[in-house]
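Q: Please take a close look at the salt bridges for me, with the numbers behind each statement. After that, a walk through the surroundings would be great.

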Amino acid sequence: MEKLDQTYLNNLVSKARQGSSNAFAELFMAAYKRHRMYLSYMYDDSSDLNEALKETYVRILKNMPGLARKVLFMPWSCRIAFRI
């Protein structure tokens, strides 16, 4: 899996926290493969996996203002996914 550019992610997180839906959509696309792979270890059924992904991104969007440091986006978002 390709490495995500941290500067690029930080920029998207900053914009998404300011309410940019385009930045959040781009952030979603940048992190989606990683989150899907992570959750696939916990869900065998693809419909359950898709529901977990949806819920993960709903919670990420809702809790984005609480993210302490934008550099922690990936571990923070994976922790959200784990708790689903």
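A: Let's fix one term before anything else: a residue is buried under 20% relative accessible area, exposed over 50% and partly exposed in between (1.4 Å probe, protein chains only). This is a predicted model, so local features need pLDDT of at least 70 and side-chain atom pairs count only at pLDDT 80 or more, while totals for chains, interfaces and linings use all residues. Residues are numbered from 1 along each chain as its sequence is written, and side-chain values use heavy atoms, with hydrogens and water left out.

Now to the salt bridges. The structure has two of them, where a salt bridge is a side-chain nitrogen of Lys or Arg within 4 Å of a carboxyl oxygen of Asp or Glu. One joins glutamate 51 to lysine 54, with the closest N and O atoms 3.0 Å apart. Both partners sit in helix H3, three residues from each other, which is about one turn of the helix. (Helices here are DSSP runs of H or I, at least four residues, and strands are runs of E, at least two, numbered from the N terminus.) Glutamate 51 has a relative accessible area of 46%, so it goes down as partly exposed.

Glutamate 55 and arginine 59 make a salt bridge as well, at 2.8 Å from N to O. These two also belong to H3, and they are four residues apart, again about one turn of the helix. Glutamate 55 is partly exposed because its relative accessible area is 31%, and arginine 59, at 34%, is partly exposed too.

How far can you trust the helix that carries them? H3 covers residues 46–63 and has the highest mean pLDDT among the elements of the protein, 94, whereas helix H1 (residues 6–17) has the lowest, 92. pLDDT is the predictor's confidence in each residue, from 0 to 100. Over the whole protein the mean is 91, and 98% of the residues reach 70 or more.

Stepping out of H3 towards H4, you meet proline 65 in the loop between the two. Its relative accessible area of 61% makes proline 65 exposed. Serine 14 is 51 residues away from proline 65 in sequence, yet the C-alpha atoms are 9.8 Å apart.

H4 itself has two phenylalanines worth a look. Phenylalanine 73 lies in this helix and is buried, because its relative accessibility is 1%. Its C-alpha is 17 Å from that of methionine 37, with their positions 36 residues apart along the chain. Phenylalanine 82 lies in H4 too (residues 73–83), but it counts as exposed, at 54%. Together with Met37, Tyr41 and Met42, Phe82 makes a nonpolar surface patch of about 470 Å². Patch members have over 30% relative accessible area and no salt bridge; like charges are joined within 9 Å, nonpolar side chains (Val, Leu, Ile, Met, Phe, Trp, Tyr) within 5 Å. The areas are Shrake-Rupley values with a 1.4 Å probe, and for residues only the protein chains shown count as cover.

On to H2. The end C-alpha atoms of this 20-residue helix are 26 Å apart, which agrees with the 28 Å it should span at 1.5 Å a residue; the expected span is 1.5 Å times one less than the number of residues. H2 also bends by about 50 degrees at alanine 31, taken as the angle between axes fitted to the seven residues ending there and the seven starting there. Alanine 31 is one of the buried residues of H2, which also include Phe24, Leu27 and His35. Phenylalanine 28 is in H2 (residues 21–40) as well, but at 26% it is partly exposed. Its C-alpha is 9.7 Å from that of leucine 12, which is 16 residues away in sequence.

Finally, aspartate 5 sits in the segment before H1 and is partly exposed at 46%. Alanine 30 is 25 residues from aspartate 5 in sequence and 9.5 Å from it, C-alpha to C-alpha.
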